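The exercises below each set a task and then work through it step by step. Please keep the sequence and the coordinates open while reading.

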Amino acid sequence: MTSDPFSGTSPLLVGVAPKQHPEVLQTAAILAARLGRPLLCAYVDEASYLVEWDPARAAHRLSLHPDADDEDIRAVASELRAAIEAAVAKVPAGAGRTEWTLRTLAGDPARGLARLAAESDAPMIIVGTSERGFAHRLTEALNGSVGAWLTHHQSRPVLVVPYRMPAHEDRL
């Protein structure tokens with residue numbers, strides 16, 4: 001188990017990203033509360049690459065854009081913490097309290113999440129579907145789907161939370 005401050009049970013792992021649809025975090029937080037599990041939120045910075053894997057600390061990484069590295073990562077982490085706190089606050093009172101922590105990793109998101117799930121012995125990985133739009137589809141075509149890669153390349157269950165707005169209502 002990693003050095004995350006959890007009470008002994010292995011956490012549910014959720015992949016998080018800036019400006020991600022709130023359904024992903026809300027679903028993960030409610031599920032974690034109902035199962036009595038902590039929530040391990042992981043952001044994988046694709047603009048850097050993994051140098052050394054140390055599960056007890058932040059990933060040792062080198063940035064592809066070193067000039068803006070530390071300040072950008074701090075801003076993203078702050079934004080993600082606020083989103084996680086908002087999702088945990090919306091958990092129904094009867095579901096229980098949700099412990100959580102945020103980890104920042106480097107490299108390929110699917111492989112980073114799979115590696116962290118193995119290290120933390122997470123019983124499940126939770127990710128969101130890709131957003132709609134040409135740019136997101138192009139990115140997925142070039143990089144692949146995180147959810148699809150995870151379901152095909154590791155043994156843990158993967159919950160893929162859909163973007164809930166029906167296609168005919170999506171005006172983005």
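**Exercise 1. The packing of two helices**

In which hand, left-handed or right-handed, does α3 cross α5? Work out the geometry of the pair and the residues that form the contact.

*Solution.* The model is a predicted one, and the pair is treated here in four steps.

- Step 1: the crossing of α3 past α5 is right-handed.
- Step 2: two packed helices are described by the angle between their axes together with the distance between those axes. For helix α3, which covers residues 109-120, and helix α5, which covers residues 146-153, the angle is about 45 degrees and the axes lie 9 Å apart. The arrangement of α3 relative to α5 is therefore oblique.
- Step 3: on the α3 side the contact involves P109, A110, R111, L113 and A114, and these meet V146, W149 and L150 of α5.
- Step 4: sorted by class, the residues in this contact are seven nonpolar and one charged, with no polar residue.

**Exercise 2. The overall layout and its confidence**

State how the elements follow one another in the protein, and then decide where the coordinates call for caution.

*Solution.* The layout comes before the confidence.

- Step 1: the protein has five helices and seven strands, and along the sequence they occur in the order β-α-β-β-β-α-β-α-β-α-α-β.
- Step 2: of the 172 residues in the protein, 40% are buried. Among contacts with a separation of 6 or more, 75% join residues that are 24 or more positions apart.
- Step 3: the mean pLDDT of the protein is 78, with 69% of the residues at 70 or more. Among the elements, the highest mean, 96, belongs to strand β1 (residues 12-15), whereas the lowest, 47, belongs to strand β4 (residues 60-63).
- Step 4: the pLDDT stays below 50 over residues 59-66, although this stretch has 28 contacts in the model beyond near neighbours in sequence. Where pLDDT is low, the predicted coordinates should not be read in detail.

**Exercise 3. Two loop residues and their surroundings**

Is T98 buried or exposed? Answer this, and then describe the surroundings of T98 and of P157.

*Solution.* Each residue is first placed in its loop and then followed to its contacts.

- Step 1: T98 sits in the loop that runs between α2 (69-89) and β5 (100-106). Its relative accessibility is 7%, so T98 counts as buried, the cut-off being under 20%.
- Step 2: leaving aside residues up to four places away in sequence, T98 touches A29, A32, A33, L39, V88 and V91. The C-alpha atoms of T98 and L31 are separated by 9.4 Å, although the two residues are 67 residues apart along the chain.
- Step 3: P157 belongs to the loop between α5 and β7 (158-161), and its relative accessible area of 47% makes P157 partly exposed.
- Step 4: with residues up to four places away in sequence again not counted, P157 touches P123, M124 and I125. From P157 to A122 the C-alpha distance is 9.6 Å, across 35 residues of sequence.

**Exercise 4. Positive phi values**

Examine K19 and D121 for their backbone phi angles, and place each of them in the chain.

*Solution.* The two residues are taken in turn.

- Step 1: K19, which is not a glycine, has a positive phi near 60 degrees. K19 lies in the loop between β1 and α1 (22-35), and with a relative accessibility of 68% it counts as exposed.
- Step 2: D121, likewise not a glycine, has a positive phi of about 55 degrees, and its place is in the loop between α3 and β6 (125-128).

Key:
Residues are numbered from 1 along each chain as its sequence is written. This is a predicted model: local features need pLDDT of at least 70, side-chain atom pairs count only at pLDDT 80 or more; totals for chains, interfaces and linings use all residues. Side-chain values use heavy atoms; hydrogens and water are left out. Axes are lines fitted to C-alpha atoms, for helices over the stretch in contact, and angles run from 0 to 180 degrees between N-to-C directions. Helices (H or I, at least four residues) and strands (E, at least two) are DSSP runs, numbered from the N terminus. Angles under 35 degrees count as roughly parallel, over 145 as roughly antiparallel, 65 to 115 as roughly perpendicular and the rest as oblique. A crossing is left-handed if the near helix is turned anticlockwise from the far one by less than a right angle, and right-handed if clockwise. Contact means heavy atoms within 4.5 Å. Ala, Val, Leu, Ile, Met, Phe, Trp, Tyr, Cys and Pro count as nonpolar, Asp, Glu, Lys and Arg as charged, and the others, Gly among them, as polar. pLDDT is the predictor's confidence in each residue, from 0 to 100. Buried means under 20% relative accessible area, exposed over 50%, partly exposed in between (1.4 Å probe, protein chains only).
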